[in-house]
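Please find below a colleague's note on the structure, set out as numbered points.

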Amino acid sequence: VMPDMDGLELLGEVRQLPNSDKMSVIMVSATEDLQIVYQCLNAGADDYMVKPINIRQLKNLWSNLWKKKKERTLIHQLQEEKSNRQQLGRELQHLQSQLSDLTSKIDQAVDTPITAITRTISELQCQENLTSEVQNALSQVLHSLASSNLYKPAFDKILSDDEVDRDTKTWLMSELSGVLYSGASDEESQQVRWSEEDETKKLRSYDFNVWAQNEGDTLLMFLQNIYEDFGLLSMFGVEKPKFKRFITKIRDGYLSSNPYHNFIHGFDVTQTVYSYLTTGKAAKYLTHIEIFGLLTACVCHDLGHFGLNNNYLISVGHELAIRYNDQSVLENFHCANTFEILRSDDCNIFSNLDRAQYTTVRKIMVSCIMATDPAKFMELLNKFQAMSENFRQNDDDHRLLLAQILIKSADISNPTKPFPVSRYWAGVIQEEFFRQGDVERREGLPISGFMDRENPNLPGLQIGFADYIVIPLFTVLEKLLPSTKVCLDTLLANRDTWEKMKDAKDL
């Protein structure tokens, strides 16, 4: 007799039994809802099958269960190795601290003219026969020498002089001090800040798990929290009902049948960029209007995606490839879809922007969505590498490139998340790849790499993606945003896990 409980409750009871970790539990259901699948797997199911079940599925099932048992054993071993690495890390930090102390002592032994002058004045101050006036004068000299810009007071005086015209001020600051005088508006010159409300703190985490939060309109509420955290809705005159209509329209424009390119991915990219802006401190480099455009680009960047990539659309001469001349086909499509929605008065969250603000927002959005095209990755990475060595906040092109890098980093950030989350993302990506491979097989086309359902190689896909795409980008990102080092560390640890799983598979 079946107990009076649903499948998830029964699964929970089974997993409470002694030695249940040695049992294989498979959930069987008629639904293909991704959220239900995730809940079952997260609650302890070893696999999930959709009725009706055929013989081939059963064969594959037993094969997968055997592999998963080996994976669990490996993960346990890896956890022990991680603990050992953490201990080694602590020892390394101690050695680095000792090295830092030694370096500091060496630096103190090397004189420069300014340090020699400072030391001489300090020694003079120690003499007992100095009057208080002389002591104060020497203190003022030391204070001036400690300034990061000895000429700044003179420039401040010139810039405060109303008789000096704007062009002269701009020339002086750019030619003589290396600083571009922009005459920014009050809004643009204010430092971007965000709140400390509890409901937004978890959204700032690099480890945020969207799959554990996706219930009803929760993601829509989170999006509003993200925008309001920077004060964007009130600052740019966006009424909350209009904002809700806009993001609801965007959500409905994503295809929920896509395993990967659905609204959950769109939200995940937005939340990840939000974490870079706040926890990563990238917001200090951008203006409010730029953040407004960047976040909106994130939400909309894959709007209308139907699960087939640019290469396929171009190879078959799809109508979108014809329309966009084989250039960033899907990205142009997503961008155009977004601005079609924004043309509606009911959804136009930019309706109260002035001409200059709208021009900035549109440029940011188009540039950022185009930056998600995989074909543009190497060009984008090379530009970012060159810029990161001499980033100038007052350079419009530098800030635009930073916005592009933030959305691109978030778009490929799945391997930087904790391994259980990263592993789940890898699975849904692989399934969407397989679906394109199925289409290519039916149409007699060459099956694209890693898209052949009959020859799966998920570890190989993840290792190659990490080595050639994700690691190079996050290595450079960490130089500009040091706190993202934890993302890079997680990425490298995940890559090692996939490598061990690949080795185990090859045995």
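**Note on helix α22, the nonpolar cores and leucine 445**

1. Helix α22 comprises 23 residues, 458-480, and spans 31 Å from first to last C-alpha, close to the 33 Å expected at 1.5 Å a residue. Helices here are DSSP runs of H or I, at least four residues, numbered from the N terminus; the expected span is 1.5 Å times one less than the number of residues. The model is predicted: local features need pLDDT of at least 70, and side-chain atom pairs count only at pLDDT 80 or more, while totals for chains, interfaces and linings use all residues. Residues are numbered from 1 along each chain as its sequence is written, and side-chain values use heavy atoms, leaving out hydrogens and water.

2. At alanine 466, α22 bends by about 50 degrees (the angle between axes fitted to the seven residues ending there and the seven starting there).

3. The largest nonpolar core (buried Ala, Val, Leu, Ile, Met, Phe, Trp, Tyr and Cys residues joined through side-chain atoms within 4.5 Å; buried means under 20% relative accessible area, with a 1.4 Å probe and protein chains only) has 99 residues. Phe246, Leu277 and Phe292 are among those with the most contacts inside it. Helix α14, residues 288-300, gives the most to this core, with nine residues.

4. Leucine 445 lies in the loop between α21 (419-442) and α22. Its relative accessibility is 27%, so leucine 445 counts as partly exposed (between 20% and 50%). Beyond four places in sequence, leucine 445 touches Tyr312, Val316 and Glu440 (heavy atoms within 4.5 Å). Valine 316 is 129 residues from leucine 445 in sequence, with 9.2 Å between their C-alpha atoms.

Methods:
Helix = DSSP H or I, 4+ residues; strand = E, 2+ residues; numbered from the N terminus.
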